[in-house]
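Visitor: Could you walk me through one part of this structure up close? I'd like to see how two packed helices are described, and then how that part sits beside the rest.

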Amino acid sequence: MSAEWAPALERVAVARLTLVIGDTDTGKTTLVTWLANALSAGGESVGIVDADLGQSEIGPPTTIGAGRVARPVARLAEAEMVALHFVGSTSPLGHFSATVQGTRTMVDRARSAGVRRVFVDTCGLVAGDWGRALKQAKIRLLDPDLIVCLQRDGECEHILRACDAERGPGVLRLAVSRAGRRRTPEERRRHRERAFGAYFAAARPVTLDRSRVALRSPSPVAGADPTDATSLSADFEGVLVGLEDAAGETIGLGVIQGVDGDASGLTIDTPVVARDIAAVVVGHERYARSPAVAPYIP
Ligand SMILES: Nc1ncnc2c1ncn2[C@@H]1O[C@H](COP(=O)(O)OP(=O)(O)OP(=O)(O)O)[C@@H](O)[C@H]1O
Ligand SMILES: [Mg+2]
């Protein structure tokens, strides 16, 4: 694998920001892990932004995670966590602006943590108008020095066409390894379930005082504005939420368990310490924790 990817290593070694794009299962995450390990072995401090909301490695699904690789890791999940940004969905569809803005915020956070080289790993949505719109918006807002594109048959060319050869980012096209393996939708679902399960393993119910904790939607473009206390009803039970501290940093996730009759209290399951929570960001999906032990059914 090092022979195929050696040209990429030379290029990323001098790029401040590298965006890796490609269809699903083209080896984006494997490549980013290998490049980050190679740079860190050479003494470089490397930042990774995991902008894949579903098949997350850094941070739980529904978030964009920023991590730092200071020594070789077997998986990106082992990167030291720098910051988290809650988008509230396991898919970018319908949440493009929140995903792109959140990715930008996480790149900035990785840089302010002192890393010189940042990689952005992305989801596999590259096809059609949606794929082009999402990836071109990322290119515009992130302004990478280098785009590494893993493709089988020119499927990303419609995205790259917009990159101005003179002023735009450098583009490095790599062929997809035959050794790569495709994951079924069921395997992808299990990956998300496992990641959520691991995240919520230490969760317990905490009740937040609504007069002290702000409620808001993940982005200004989200649908109904949930900040109206009267709208907070039983309909919210099971909804995934992002939790922010007083500085507006995402500090974790929670699942709404119940709302007091007068909407003065909000109970959530979360591993986050209650006193640190200053705002609850209401996500777009529900999450049901599966019981650790299957119930006994006679
Ligand atoms: N060069 C390679 N050599 C051997 N195995 C590889 C290689 N590239 C990828 N793989 C394997 O192929 C599978 C898919 O790779 P990977 O998860 O890196 O793809 P991805 O593009 O990040 O997928 P997704 O779109 O789901 O994020 C993994 O099982 C990985 O171990
Ligand atoms: Mg991946």
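Guide: Here is a close look at one helix pair, followed by its surroundings. Keep in mind that this is a predicted model.

Let's start with the general idea. To describe two packed helices, you give the angle between their axes and the distance between those axes. Now try that on helix α3, which covers residues 96-112, and helix α4, which covers residues 128-142. Their axes are 10 Å apart, and the angle comes to about 35°. As for handedness, α3 and α4 cross in a right-handed way.

Who actually does the touching? On the α3 side, the contact is made by Phe96, Val100, Thr103, Arg104 and Val107. Facing them from α4 are Ala133, Leu134, Ala137, Lys138, Leu141 and Leu142. Sort the residues of this contact by class and you get 8 nonpolar, 1 polar and 2 charged.

Okay, let's zoom out a bit. The chain has 6 helices and 13 strands, and 40% of its 298 residues are buried. Take the contacts between residues at least 6 apart in sequence: 69% of them join residues at least 24 apart.

Some of those strands build an open sheet of 6, with mixed pairing, in the order β8-β12-β11-β10-β13-β9. β8 (204-209) and β9 (214-216) sit at the edges with a single partner strand each, so each has one side with no neighbour in the sheet. On average, neighbouring strands here are turned by 40° against each other, ignoring direction. Look at β9: 3 bridges join this strand to β13 (residues 279-286), and the two run parallel. Leucine 215 is opposite valine 280 of β13.

Next, find proline 7 in helix α1, residues 2-12. Is proline 7 buried or exposed? A residue counts as exposed if 12 or fewer other C-beta atoms lie within 10 Å of its own. Proline 7 has 12 C-beta neighbours inside 10 Å, so this residue counts as exposed. Proline 7 and leucine 172 are 165 residues apart along the chain, yet their C-alpha atoms are separated by 8.7 Å.

Last stop: ligand 1. There are 16 residues around ligand 1, and Gly27, Thr29, Thr30, Ser177 and Ala179 come nearest. Helix α2 (residues 28-41) gives the largest share of this shell, 3 residues. By class, the shell around ligand 1 holds 2 nonpolar, 10 polar and 4 charged residues.

Technical notes: Residues numbered from 1 in each chain as written. Chains lettered and ligands numbered in written order. Predicted model: local features only at pLDDT ≥ 70, side-chain atom pairs only at ≥ 80, totals over all residues. Near = placed C-beta within 6 Å. Helix = DSSP H or I, 4+ residues; strand = E, 2+ residues; numbered from the N terminus. Nonpolar A, V, L, I, M, F, W, Y, C, P; charged D, E, K, R; others polar. Buried ≥ 20, exposed ≤ 12 C-beta atoms within 10 Å, placed from the backbone. Contact = placed C-beta atoms within 7 Å. Axes fitted to C-alpha atoms, helices over the stretch in contact; angles between N-to-C directions. Left-handed = near helix turned anticlockwise from the far one by under 90°. Pairing = 2+ DSSP bridges.
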